[in-house]
Amino acid sequence: MNQISKQSWVRRYPILLPVLLIAGSIGLFKLIGLYPYRSRFADDMAHSSAQLLLCLCLLWLLRRFDLFEQTGLTKPMSQWPRKWPLAVIPMAMIGLINLLSTDWSQLSFDAIRLGGWIYNSLSTGLFEEILLRGFCFYFLLQCWRERKNALFLAAFAQALIFGLAHLSNLQHNPASEVIPQVIYATLLGIGFAGIMAYTKSIWPAIAIHSLINAMGDVTTFFGPEQTDNVGNASGYVAAILIIFMVSTAPGLYLLHLGQKQLAQR
């Protein structure tokens, strides 16, 4: 009997622990952000370091709840499905679109910024995937394993929690910007869960997540510091449609394959 089964409060309120973990992480990041950093770069480095420290805590939680092996953290690439690249290629299109929209004439490259860019991208990919797809996804799957379509339920729940967590940005941004962020994150969360369910390893999701972050942050790290531009409704709608096509739709198909595999056991 695993640790989840031993905890009665976990069985009764399975959604509570993921929500508390994400809320606690957001609270920690808000506290770190209160320090008067000299630049956005320094702020990003502090945030990234906090993410890596939280990763260590999450790895302990995975072992505490007997979920470490299920996440595929120690699963060698030779045991991944042979067609695993096909599962991540659609989502890679998001990173490519971000890269194509970059104004390269405004960028300035140096070793310090390059190191910070890589550090930030990897730390975010590691933290968000270990938290959402590593712990929250498999934790909820274990709690709901007796339910029909448990894989879909766990995938949708963790994606929705991930999306709603972006409401914390209302503190500094208008709702017209934050609501699209909530939708983006929810749709992407389903895509990442599909990759996880198909490959049975968290590493492909970490890799593609880090890549998307890296491509999206090229201007942030190598361009001049500037205030964020406010988007328009048509741009948000286009982005939502693109994310659905290259992330959510493939993710739903991969979750369907994963659910079939669970039913056959």
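Read from one end of the sequence to the other, the protein runs α-α-α-α-α-α-α-α-α-α-α. That comes to 11 helices and 0 strands. Keep in mind that this is a predicted model.

**Overall build**

How does the radius of gyration of the protein sit against that of a compact globule? For 265 residues such a globule would come out near 18 Å, and the protein has 19 Å, so the two agree. The C-alpha trace covers about 55 × 35 × 35 Å along its principal axes. Of the 265 residues, 45% are buried. Looking at contacts with a separation of 6 or more, 82% are between residues 24 or more positions apart.

On the outside, the accessible surface is about 14,000 Å², and carbon and sulfur atoms supply 65% of that. As for charge, there are 19 positive and 13 negative ones, and their mean positions lie 17 Å from each other.

**Salt bridges**

The count here is 3 salt bridges. Here they are, with the N to O distance for each pair:

| Positive partner | Negative partner | N to O distance |
|---|---|---|
| Arg-113 | Asp-110 | 3.5 Å |
| Arg-133 | Glu-129 | 2.7 Å |
| Arg-145 | Glu-146 | 3.9 Å |

Take the Arg-133 and Glu-129 pair. Both residues belong to helix H6 (residues 111-143), and they are 4 residues apart, about one turn of the helix. Are these two buried or exposed? Arg-133 is buried, and Glu-129 is too.

Now the Arg-113 and Asp-110 pair. Arg-113 has a relative accessible area of 28%, so it is partly exposed. Asp-110 is at 32%, so it also falls in the partly exposed class.

That leaves Arg-145 and Glu-146. Glu-146 counts as exposed because its relative accessibility is 72%, and the cut-off for exposed is over 50%. Arg-145, at 41%, is partly exposed.

**A look at Val-178**

Val-178 is part of helix H8 (residues 175-199). Why does Val-178 count as buried? Its relative accessible area is 0%, and buried means under 20%, so Val-178 qualifies. Once neighbours within four places in sequence are set aside, Val-178 touches His-166, Leu-167, Asn-169, Leu-170 and Asn-173. Gly-163 sits 15 residues away from Val-178 along the chain, with 10.0 Å between their C-alpha atoms.

How values were computed. Residues are numbered from 1 along each chain as its sequence is written. This is a predicted model: local features need pLDDT of at least 70, side-chain atom pairs count only at pLDDT 80 or more; totals for chains, interfaces and linings use all residues. Side-chain values use heavy atoms; hydrogens and water are left out. Helices (H or I, at least four residues) and strands (E, at least two) are DSSP runs, numbered from the N terminus. Buried means under 20% relative accessible area, exposed over 50%, partly exposed in between (1.4 Å probe, protein chains only). Contact means heavy atoms within 4.5 Å. The radius of gyration is taken over C-alpha atoms; the globule rule is 2.2 Å times the number of residues to the power 0.38. Accessible areas come from the Shrake-Rupley method with a 1.4 Å probe; for residues, only the protein chains shown count as cover. Lys and Arg count as positive and Asp and Glu as negative; His and the chain ends are not counted. The place of a charge is taken as NZ of Lys, CZ of Arg, CG of Asp or CD of Glu. A salt bridge is a side-chain nitrogen of Lys or Arg within 4 Å of a carboxyl oxygen of Asp or Glu.
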